[in-house]
Amino acid sequence: MFRHGKRSIGLLAAVACAALVAAGCSSQGGAQSQAGGAAQGQRYTIAMVTHEQPGDSFWDKIRAGAQQAATDLNVDLKYSNNNAAGDQATLVQNAIDSKVAGIAVTLAYADQVGPAAEKAVAAGIPTVAFNSGINEYQKYKIPMYFGSDEDLAGQSAGTRMTQAGGGKALCVVQEQGSVALEARCAGVKKTFPATENLQVNGADLPSVQQTIGAKLQQDPSITYVVTLGAPIALAALQSKTDAGSQAKIVTFDLNADVAKAIQNGSIQFSIDQQPYVQGYMAVQSLWLNLTNGNDLGGGKPVLTGPSFVDSTNIGKIAEYAAKNTR
């Protein structure tokens, strides 16, 4: 089980290397560089269970970060996903039954998946939450969380839109019932009150494009379309063109195509939660606990965002987006 220390909050990725000193972290090759370190030590099996929706490139970054950590630390990573809450909970139970050494889980549907994760904790399996469930993870006795403060991210986006001229916003939710997505739109509405939510099926991008386009044609007073994922942002760009709308597109999350759109000015900015870091830190934190008894965050979330990507910094970040690490 995890130990609890002083309560603190913030980005602790940099702290992880300091914690790794006991396990051999160095400038000559990280944990694997020391004899008896990760490459030579016990190989742990860690399960990562997410609510990944097929076709969403966001999860490629989560998996890339998790796999890099697994490679760095000699971890056997077992990744599984299901966008249906009950099925995701079953995957968590399967991980428990297979007696993995640790579990990293997303809590987009906390009411259904949280109790399964709590069973893992009760069984003595070190468990961390990441990406979704920042307000729910402690309810299920999970001691560590890695992700963005989605309410703060939404408020930050709304503030920036207000400062740029205001108007009326459409916030496009691509997964009904996802606590993280709903929190983003709720945050936007707090600082940009004239915000209306639009529910779409993110697994059907042609339908997303048509639904957004119809709304833009119906209401030409919309000045901003806020999307909550990179593929949805690209669909919204096409919707805007088809509808002849003057609305500006802003988005959460990033991929190579969105990076290019920010560079050419067709997307105003992205609010990035740094999913690569979430995947990496979820695996690394479990390894640290298993090998050195460490815990991160002091009982509070370890924040990976919000981080703005816009015309002022896209030149540097686009390179990493192309490599699928940002």
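**Strands, sheets and two residues**

Biologist: How many of the six residues of strand 1 (residues 45-50) are buried?
Modeller: Strand 1 is largely enclosed by the rest of the structure, because most of its six residues are buried (under 20% relative accessible area; exposed is over 50%, partly exposed in between, with a 1.4 Å probe and protein chains only). Strands (E, at least two residues) and helices (H or I, at least four) are DSSP runs, numbered from the N terminus. The number of buried residues in strand 1 is five.

Biologist: What kind of model is this?
Modeller: Residues are numbered from 1 along each chain as its sequence is written, and side-chain values use heavy atoms, leaving out hydrogens and water. Local features need pLDDT of at least 70 and side-chain atom pairs count only at pLDDT 80 or more, while totals for chains, interfaces and linings use all residues, as the model is predicted.

Biologist: How many bridges join strand 1 to strand 2 (residues 76-81)?
Modeller: These two strands run parallel, and strands count as paired if DSSP finds at least two bridges between them. Threonine 45 of the pairing stands opposite aspartate 76 in strand 2. The number of bridges joining strand 1 to strand 2 is six.

Biologist: Which strands stand at the edges of the sheet that has parallel pairing?
Modeller: That sheet is open, and its six strands have the order 2-1-3-4-5-11. Two strands each have a single partner strand, so one side of each is left without a neighbour in the sheet. They are strand 2 and strand 11 (302-305).

Biologist: By how much are neighbouring strands of this sheet turned against each other on average?
Modeller: Axes here are lines fitted to C-alpha atoms (for helices, over the stretch in contact), and angles run from 0 to 180 degrees between N-to-C directions. For the average over neighbouring strands, direction is ignored, and the turn comes to 15°.

Biologist: What is the bridge partner of isoleucine 103 in strand 4?
Modeller: Strand 3 (residues 102-105) and strand 4 (residues 127-130) run parallel, joined by three bridges. In strand 4, isoleucine 103 is partnered by threonine 127.

Biologist: At about what angle does helix 10 run to strand 5 (144-148)?
Modeller: Helix 10 spans residues 275-292. It lies across strand 1, strand 2, strand 3, strand 4, strand 5 and strand 11. Its direction relative to strand 5 is about 170°.

Biologist: Leaving aside neighbours within four places in sequence, which residues is leucine 290 in contact with?
Modeller: Leucine 290 is found in helix 10 and is partly exposed, with a relative accessible area of 22%. One of its contacts (heavy atoms within 4.5 Å) is Tyr44; leucine 290 and tyrosine 44 are 246 residues apart in sequence, yet 8.4 Å apart in space, C-alpha to C-alpha. The full list is Tyr44, Ala101 and Pro126.

Biologist: Which strands stand at the edges of the sheet with mixed pairing?
Modeller: This open sheet of six strands has the order 7-6-8-9-10-12. Strand 10 (residues 270-272) and strand 12 run antiparallel, joined by three bridges, and serine 270 has valine 309 as its bridge partner. The edge strands each have a single partner strand, so one side of each lacks a neighbour in the sheet: they are strand 7 (195-199) and strand 12 (307-309).

Biologist: Is serine 178 buried or exposed?
Modeller: Serine 178 lies in the loop between strand 6 and helix 6. It touches Ala108 and Tyr109, not counting residues up to four places away in sequence. With a relative accessible area of 2%, serine 178 is buried.
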